[in-house]
Amino acid sequence: DTGSSPTIQNLNRANRNKRSFGFDQEIILIRGISNPVINGDKRNNWLVMDLPIASEAYLASVREIEEQLKGRGEKQLEKEAALLAKQRREMRVEMARMRKQIDDMEQGNGQSVAESTRSIEERMSTLDALLAKELISKEEYDVKRQEILNDI
């Protein structure tokens with residue numbers, strides 16, 4: 001029924017001979033839906049629906065939920081974007097530091113002043129880190145590894 005007149009629905013499935021009126025209290029608390037009063041008694045097992053009002057109340061609640069979810073989603077996206085930006089900045093700094101180390105190694109015929117004082121283990125661990133972060137190729141890794149081993 002799409003008209004403006006209220007529609008009455010009976011929710012009572014009990015035996016009429018026992019005068020059971022079903023529910024003890026209102027079960028639906030939505031604007032546009034109410035329990036009728038018949039012969040001075042409130043019928044909690046009947047509903048009177050004003051469909052245009054009830055449908056608007058339902059749609060308003062759906063819109064409210066959608067707005068709440070939308071707000072949460074946007075906040076979460078902003079938080080993740082900030083975290084990713086921070087990680088990118090940190091990665092750029094680390095890459096610049098490693099590139100400088102590689103330049104230092106290449107300028108000193110395989111050994112910079114800093115490298116000469118560093119232990120073999122430190123140099124190997126730096127080399128492993130460069131390969132793990134894919135800042136050097138496997139071939140570059142093998143060549144430099146052999147140079148470090150030749151220094152022993």
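E94 is partly exposed, with a relative accessible area of 24%. In this predicted model, the side chain of E94 meets that of R97 in a salt bridge, 2.6 Å from N to O. R97 is partly exposed too, at 41% relative accessibility. Both residues belong to helix α1. They sit three residues apart, about one turn of the helix. Side chains of opposite charge can pair when their charged atoms come close.

The rest of the fold puts this pair in context. The protein has four helices and five strands. Along the sequence the order is β-β-β-β-β-α-α-α-α. Helix α1 spans residues 51-107. Helix α3 covers 120-132, and α4 covers 138-150. Of the 152 residues in the protein, 19% are buried. Take the contacts with a separation of 6 or more: 43% of them join residues 24 or more positions apart.

Now return to the charges. The whole structure holds six salt bridges. Two further examples lie in α4. K138 and D142 pair through their side chains at 3.3 Å, N to O. These two are four residues apart in α4, about one turn of the helix. K138 is partly exposed, with a relative accessible area of 46%. D142 is also partly exposed, at 37%.

The other α4 example joins E147 and K144, at 3.1 Å from N to O. Because E147 and K144 are three residues apart in helix α4, about one helical turn separates them. Here the two partners fall into separate accessibility classes. E147 is partly exposed, with a relative accessible area of 31%. K144 has a relative accessible area of 9%, so it counts as buried, the class for values under 20%. Elsewhere, salt bridges that share partners link E94, R97 and K133 into one network. The opening pair is thus part of that network.

Which residues make up the largest nonpolar core? It has nine: M98, I102, M105, M124, L127, L130, I136, Y141 and I148. The elements that give two or more residues to this core are α1, α3 and α4. In soluble globular proteins, nonpolar side chains tend to be buried together. Y141 shows some of the packing. Leaving out residues up to four places away in sequence, Y141 touches L127, D128, L131 and I136. Of these neighbours, L127 and I136 are listed in the core as well.

Q101 gives another view of helix α1, where it is found. Is Q101 buried or exposed? At 19% relative accessibility, Q101 counts as buried, because the class takes values under 20%. Beyond its neighbours within four places in sequence, Q101 is in contact with R118 and T126. T126 falls within the 120-132 span of α3.

Next comes the open space. Rolling a probe the size of a water molecule over the atoms shows where empty space is left. The largest pocket contains about 220 Å³ of space. The elements that give two or more residues to its lining are α1 and α4. Helix α4 gives the most, with four residues. The lining has 10 residues, and I102, M105, E106, E140 and K144 lie nearest the centre. Two of these names, I102 and M105, also appear in the largest nonpolar core. A third, K144, is the buried partner of E147. What kinds of residue form the lining? Five are nonpolar, one is polar and four are charged.

Finally, look at the backbone in two loops. N39 has a positive phi of about 55 degrees, although it is not a glycine. N39 is found in the loop between β3 (37-38) and β4 (41-42). N39 is exposed, with a relative accessible area of 77%. E134 also has a positive phi, near 60 degrees, and is likewise a residue other than glycine. E134 is found in the loop between α3 and α4. At 71% relative accessible area, E134 is exposed.

Terms used. Residues numbered from 1 in each chain as written. Predicted model: local features only at pLDDT ≥ 70, side-chain atom pairs only at ≥ 80, totals over all residues. Heavy atoms only, no water. 1 Å grid on protein atoms, 1.4 Å probe; cavity = no way out; pocket = protein on both sides within 12 Å on 5 of 7 lines; lining within 4 Å. Points joined across faces, edges and corners; volume = space filled by probe spheres on them. Nonpolar A, V, L, I, M, F, W, Y, C, P; charged D, E, K, R; others polar. Core = buried A, V, L, I, M, F, W, Y, C linked by side-chain atoms within 4.5 Å. Buried < 20%, exposed > 50% of the residue type's maximum accessible area, 1.4 Å probe, protein only. Contact = heavy atoms within 4.5 Å. Salt bridge = Lys/Arg side-chain N within 4 Å of Asp/Glu carboxyl O.
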